[in-house]
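Hi everyone, thanks for coming. I'd like to walk you through one structure today, piece by piece. Have a look at it first, and then we'll start with a single residue.

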Amino acid sequence: MKLRLLSTLLALCGLPLMAQAPASTPVATTHSSDIGFTYSLPSDWEVVDTRPKLPAVQQEVTKTATSEDEKKGIACAQVALTARHGNPASVVVVVALPFDCYGQTLTAKDLPEFASGASEGLRKSFTLADPLRGTYSLGAHSMWVERARGALNDHPDVTYTIETVCSVLKKGAVCWMAMARDDAALESLDHGAVSLDGDAPTALVPASAVLKKP
């Protein structure tokens, strides 16, 4: 399954939050997932419960699915975390795909294909420019990252840095996406402490990760 569908899901979950100011009292943004990861953002990020809206978003994304596998992947996808910061808001969304629901198990060698469609889905909402991509490792886990400048198709004067990070775990695949209004918001995604399959926590995107033009 191409990430095109998960990235569309990520964007559709995050876009409505961009126009909203965060609440005045943020809450802790540490999350644990049943598929085997934990992830933390700074405490001044506000967690937003998007679960009630997920069925409608999944229904919308399913309209562009081209196979039964894609439709099943959309139905199984879980929004593990949605958080926002600042005004206008930057947004981070984390989507997980449990293998026990999906009925297939991906491995590290499937990661490039799984992740290669990221830009396709995002182009439904953004005009992207200057993309950079990279791969790196966190412990035994392969990681894939893409970063680009993005302007909203409906409001080209509103620009973000769009970054998507994906990995494959023992029980599922997971992708993080930031729609960052400034460098500080992007750093929050990159520096967020992540633990994968019980490994010691580390920065999601370490400073040693090298991103190049695809």
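Okay, let's begin with Ser188, which you'll find in helix α7, residues 183-191. When I say helix or strand, I'm using DSSP runs, numbered from the N terminus: H or I over at least four residues for a helix, E over at least two for a strand. Before I go on, a word on where this comes from: it's a predicted model, so local features need pLDDT of at least 70 and side-chain atom pairs count only at pLDDT 80 or more, while totals for chains, interfaces and linings use all residues. Numbering starts from 1 along each chain as its sequence is written, and side-chain values use heavy atoms, with hydrogens and water left out.

Back to our serine. Is Ser188 buried or exposed? Its relative accessibility is 13%, so Ser188 counts as buried. The cut-offs are these: buried is under 20% relative accessible area, exposed is over 50%, and partly exposed is in between, with a 1.4 Å probe and protein chains only. And what does Ser188 touch? If we skip residues up to four places away in sequence, Ser188 touches Tyr39, Leu41, Pro42 and Trp45. Contact here means heavy atoms within 4.5 Å.

Ser188 has company, too: Ala185, Leu186, Leu189 and Asp190 are also among the buried residues in α7. What covers the buried residues of α7? The cover includes strands such as β2 (37-41), β5 (90-98) and β7 (141-152), and also β8 (159-168), β9 (172-180) and β11 (202-203).

Let's step into β9, where Val174 sits. At 1% relative accessibility, Val174 counts as buried. Leaving aside neighbours within four places in sequence, Val174 is in contact with a list of residues that includes Ile35, Phe37, Val94, Val95 and Ala96. Val165, Cys166, Ser167 and Leu169 are on that list as well. Here's one to trace on your screen: Val174 and Leu97 are 77 residues apart along the chain, and their C-alpha atoms are separated by 6.2 Å.

That's a nice lead-in to the whole protein. How many helices and strands are there? The protein has seven helices and 11 strands. It has 214 residues, and buried ones make up 50% of them. Take the contacts with a separation of 6 or more: 64% of those are between residues 24 or more positions apart.

Now for a pair of helices. Two packed helices are described by the angle between their axes and the distance between the axes. Helix α2 (residues 54-62) and helix α3 (residues 68-76) have axes that come within 9 Å and cross at roughly 165°. The axes are lines fitted to C-alpha atoms, for helices over the stretch in contact, and angles run from 0 to 180 degrees between N-to-C directions. So α2 and α3 are roughly antiparallel to each other; that label is for angles over 145 degrees, with under 35 roughly parallel, 65 to 115 roughly perpendicular and the rest oblique. Which residues meet there? On the α2 side we have Gln58, Val61 and Thr62, and they meet Lys71, Ile74 and Ala75 in α3. Sorted by type, the residues of this contact are three nonpolar, two polar and one charged. For that sorting, Ala, Val, Leu, Ile, Met, Phe, Trp, Tyr, Cys and Pro count as nonpolar, Asp, Glu, Lys and Arg as charged, and the others, Gly among them, as polar.

Next, the loop between β4 (78-85) and β5, which is where Pro88 is found. A cis peptide bond joins Asn87 and Pro88, with omega about 5°. Gly86 is in that loop between β4 and β5 as well, and at 28% relative accessibility Gly86 counts as partly exposed. From Gly86 we can hop back to our opening helix: the C-alpha atoms of Gly86 and Ala185 are separated by 8.7 Å, with their positions 99 residues apart along the chain.

Two backbone spots to finish. Asp130, in strand β6 (residues 126-138), has a positive phi of about 55° although it is not a glycine. Asp197, in the loop between β10 (193-196) and β11, also has a positive phi, near 55°.

That's my tour, so over to you for questions!
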